[in-house]
Amino acid sequence: MEYCTMKMGTLRLHFFLVAICLSGGYGFAADTLKISVSEAEKQFLEKNLLLLAGQFNISATEAFEIQAKAYSNPTFTADFNFIDPQNKRMFHIGETGQKVFVLDQLILLGGKRKTQIEIAGKNKEIAKLEFEEMLRNLRWRLNFSLYEVNRKLLIIQNYEQQLLLLDTIITNYDIQSKKGNIAIKEAIRLKSAYLNFNNARSELLSTQIEDQQVLQLLLQENRVVSPQIPENDFIRFITTKSEDELINLSLENRPDLKIFEKSNELSALNLRFQKQLAIPDLNINTSYDQRGGAFNNQINLGFSVPLPVFNRNKGAIKAAEYSTKTSEVLVQQKREEAKSEVRAAFRQQERSINDYTKTLSLYSADFELVFKGIRENFQKRNVSLIEFVDFFEAYNQSLTEFQKVKAQLAIAAAKINYITSTPVY
């Protein structure tokens, strides 16, 4: 009995210290950021470093497109006399000497330059889509974390209030049991309820801290983030579009699907480019020869073309053909995957809406009034300990479940936005 009393005293002190820490870290201190969902998204778009890095990647691909538009540089060659054995002179390059100037220009044939520009442009489009895909995933994680942190904070706050109530009752029961007015077993029963409730709160607090870290990282925020989500905000999630509408939105807007489609287009461009590489390019040159040709100071014009005798790029063309066929299959697979994800998210949203509307019809202010009446009658000893503890546990379980149902509804709605890549909600 002394050990149990000592353990309860330690737990109360621990709870008191943790409550002080929580009040300083989760809702009342100056270093807590109270923020709505829309404000959180705005800060996320402005400060997230991964988004900034993605924008730099888009700029890099734009630079490659500029480079693809540039023409090949001409080549200038100069040839000067070094030793003139006939006149026994070195560097004989004057009016009676010898020098040659040659200017070469490579001209790409078969539309290679145009295709290279299109490939660079397609890579830029893919980079933008990759940025949109990263944004889509991070925004989903942000919404998930906001509603999870909000749910856990509300449950933790309720736990703290109820633990303080139990602590007060346990203190009074300890005093009365020592006087012999109350059986020790009743105090033990209350302490057992306290321990169970405190353990549940501690487990929730540990996972809430992890969610809080993710949220702070997404927002690039050093302060503790406390989401401010009004009760009526959840009502907007109880309506949804039809399954077919959501599937169409997904197929039209999802950046990950568009990446596969653009990659397929890129494969087709690569196939075209490999076929064009089999077409020889033209090299035009013009030259000035002072005394080495048939005539003095002659100006020549020439060209050269590689003959496609041994290498017609057949291997690369065949590989590009297989790559194109593979990308076509992957696009179809991705489309089916998107449809499947929409169907699953739609079913989850329907279940969440049903659970929320049913719970909302059952839960009302009467819960709080009845609990207050039970508590007051218990203190007046009009309600037995067993009745009080049973109702106490049932009441707090209902509050926890209600917060869970609300969070599930909001997260299911955020999932619809994520799966369709559309602000449905």
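Two residues are in contact here when heavy atoms of theirs lie within 4.5 Å of each other. With that in hand, we can begin at Ser250, which, leaving aside its neighbours within four places in sequence, is in contact with Leu257, Ala338, Val342, Ile419 and Thr420. This is a predicted model, so local features need pLDDT of at least 70 and side-chain atom pairs count only at pLDDT 80 or more, while totals for chains, interfaces and linings use all residues. Residues are numbered from 1 along each chain as its sequence is written, and side-chain values use heavy atoms, with hydrogens and water left out.

Ser250 lies in helix α6; helices (H or I, at least four residues) and strands (E, at least two) are DSSP runs, numbered from the N terminus. The relative accessible area of Ser250 is 1%, so Ser250 is buried. Buried means under 20% relative accessible area, exposed means over 50%, and partly exposed covers what is in between (1.4 Å probe, protein chains only). Leu246, Ile247, Leu249 and Leu251 of α6 are buried as well. The buried residues of this helix pack against α7 (255–277), α8 (314–362) and α10.

Now turn to α3, which spans residues 49–69. This helix has 21 residues and reaches 31 Å from its first C-alpha to its last, close to the 30 Å expected at 1.5 Å a residue; the expected span is 1.5 Å times one less than the number of residues. Which residues of α3 are buried? They are Leu51, Gly54, Ile58, Thr61, Glu65 and Ala68. These six cover an arc of only 80 degrees around the axis, which puts them on the same side of α3; the arc is that of the directions from the helix axis to the C-beta atoms. An α-helix has 3.6 residues a turn, so residues three or four places apart point the same way. On the other side of α3, Leu49, Phe56, Ile66 and Gln67 are exposed. The buried residues of α3 pack against α2 (37–47) and α4 (112–178). At the N-terminal end of α3, Asn48 acts as a cap, with a side-chain oxygen 3.0 Å from the backbone nitrogen of Leu50.

Helix α4 is worth following further. Lys122 is in this helix, and at 15% relative accessibility Lys122 counts as buried. Not counting residues up to four places away in sequence, Lys122 touches Lys262, Glu265, Leu266 and Leu269. The side chains of Lys122 and Glu265 also make a polar contact of 2.7 Å. Such a contact is a pair of N or O atoms within 3.5 Å; within protein, one must be able to donate a hydrogen and the other to accept it, and residues adjacent in sequence count only if both atoms are side-chain atoms. Lys122 and Ser177 are 55 residues apart in sequence and 80 Å apart in space, C-alpha to C-alpha. Asn158 is found in α4 too and is buried, with a relative accessible area of 10%. Asn158 touches Asn396 and Leu399, again not counting residues up to four places away in sequence.

Next come the aromatic rings. Rings of Phe, Tyr and Trp (its six-membered ring) pair if their centres lie within 6.5 Å; planes under 30 degrees apart count as stacked, over 60 as edge-to-face and the rest as tilted. By this rule the count comes to 19 aromatic pairs. The rings of Phe82 and Phe91 have centres 5.3 Å apart and planes at 70 degrees, so this pair is edge-to-face. Phe237 and Tyr425 also form an edge-to-face pair, with 5.8 Å centre to centre and 75 degrees between the planes. Phe237 lies in the loop between β6 (224–227) and α6 (243–253) and Tyr425 in the segment after α10 (385–420), so the pair ties together parts that are 188 residues apart in sequence. Phe237 counts as buried at 3% relative accessibility, and Tyr425 does at 17%. Elsewhere, ring pairs link Tyr159, Tyr173, Phe197, Phe371, Phe378, Phe388, Phe391, Phe392 and Tyr395 into a cluster.

Charges meet rings as well. The charged end of Arg136 sits over the ring of Tyr418, 4.1 Å from its centre, and Lys415 lies over the face of Trp140, at 4.8 Å from the ring centre. A charge sits over a ring if NZ of Lys or CZ of Arg is within 6 Å of the ring centre and within 35 degrees of the ring normal.
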